[in-house]
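Reader: I have a model open on my bench computer and would like to talk through its aromatic rings. Could you walk me through them?

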Amino acid sequence: MKNVSTYEDKTNIMYSAMVEATNLEKRFTNVSKLVANFRSSDGTVFPATIAEVKNKISPSGKGLINVWASVPKGYSTANMNLLLGEAVTDGKLSEGEKAVPDSYVNPVSYWLPEEKKDVATKLAKLELFPYTISIDKISTSIADSVFTLKFNYELTKEKLTEINTEGHNLLLVFEDGGGIKRFEKKFDFKDFDVINGESTQDEDTKIRLGKRENFKIAIPDSGLIFNTHFLKQYTLSVYDEFQGQRKLLASQKADWFITTD
């Protein structure tokens, strides 16, 4: 069991577990179809959805299986466990994308690890399984009626690991301490592994695997220049967003017009 995460909106929470499956065979193979349920300490069962790994797993490689369920806000997820069974369709093990499970066999119960809920104060080594991102040298500027946020980043990925990243975004939220400027910018996980062959690095507006200096987010704002004497400090936050719900990973405060370490 890799980790658990809680994503929130105003009314519900999305409780998610990341299950690690290792291919012990000497050939590429698919992850078996599974059926999942979360069970709370009082016996309540929450049917779960599984994001199936679509690519075959290499020998000794890993597949990260994302399992999640919607849970009422305020409901305790402490001591939750995960029930996983092999999916069955019409009396046979489910195979192929179109197979709809009607039951399961060989159920196994897994106790889940405690969720890491600490919010970092620096944007360094933030885990977005199977990725890790670090952001530094953050700066702000205003020129020609355009506000620009600039930073360096490094995005890495755990080797020989396959995952279905549908619905996952890296979300940056910029908030001025005085409420003068705020914006959000999403970066889809599916773009992380894509090699950009259509534009130069300076023109590329998506985050990719590897290191990048002076990455820019530019936003037209003709009125911001008139408020510069009010701009003192801001906060840049990083969220893991899944299915529109969010988990805050880190928030770093910085001064306007000064480059951070």
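Reader: Which residues do ring pairs link into a cluster?

Author: Happy to help, and keep in mind that this is a predicted model. Rings count as paired when their centres lie within 6.5 Å. Ring pairs of this kind link a cluster made up of F147, F174, F183, Y234, W256 and F257.

Reader: What kind of aromatic pair do Y234 and W256 form?

Author: The centres of the Y234 and W256 rings are 5.8 Å apart, with 80 degrees between the planes. Planes over 60 degrees apart count as edge-to-face. The pair of Y234 and W256 is therefore edge-to-face.

Reader: How many residues apart in sequence are the parts that Y234 and W256 tie together?

Author: Y234 belongs to strand 17 (residues 233-242), and W256 to the segment after strand 18 (245-255). The pair ties together parts whose separation in sequence is 22 residues.

Reader: Is W256 buried or exposed?

Author: Buried means under 20% relative accessible area. W256 has a relative accessible area of 4%, and its partner Y234 is at 1%. So W256 counts as buried.

Reader: Which ring does the charged end of R246 sit over?

Author: A charge sits over a ring if, among other conditions, CZ of Arg is within 6 Å of the ring centre. For R246 the distance to the ring centre is 5.9 Å. The ring beneath that charged end belongs to Y239.

Methods. Residues numbered from 1 in each chain as written. Predicted model: local features only at pLDDT ≥ 70, side-chain atom pairs only at ≥ 80, totals over all residues. Heavy atoms only, no water. Phe/Tyr/Trp six-rings, centres within 6.5 Å; stacked < 30°, edge-to-face > 60°. Helix = DSSP H or I, 4+ residues; strand = E, 2+ residues; numbered from the N terminus. Buried < 20%, exposed > 50% of the residue type's maximum accessible area, 1.4 Å probe, protein only. Lys NZ or Arg CZ within 6 Å of the ring centre and 35° of its normal.
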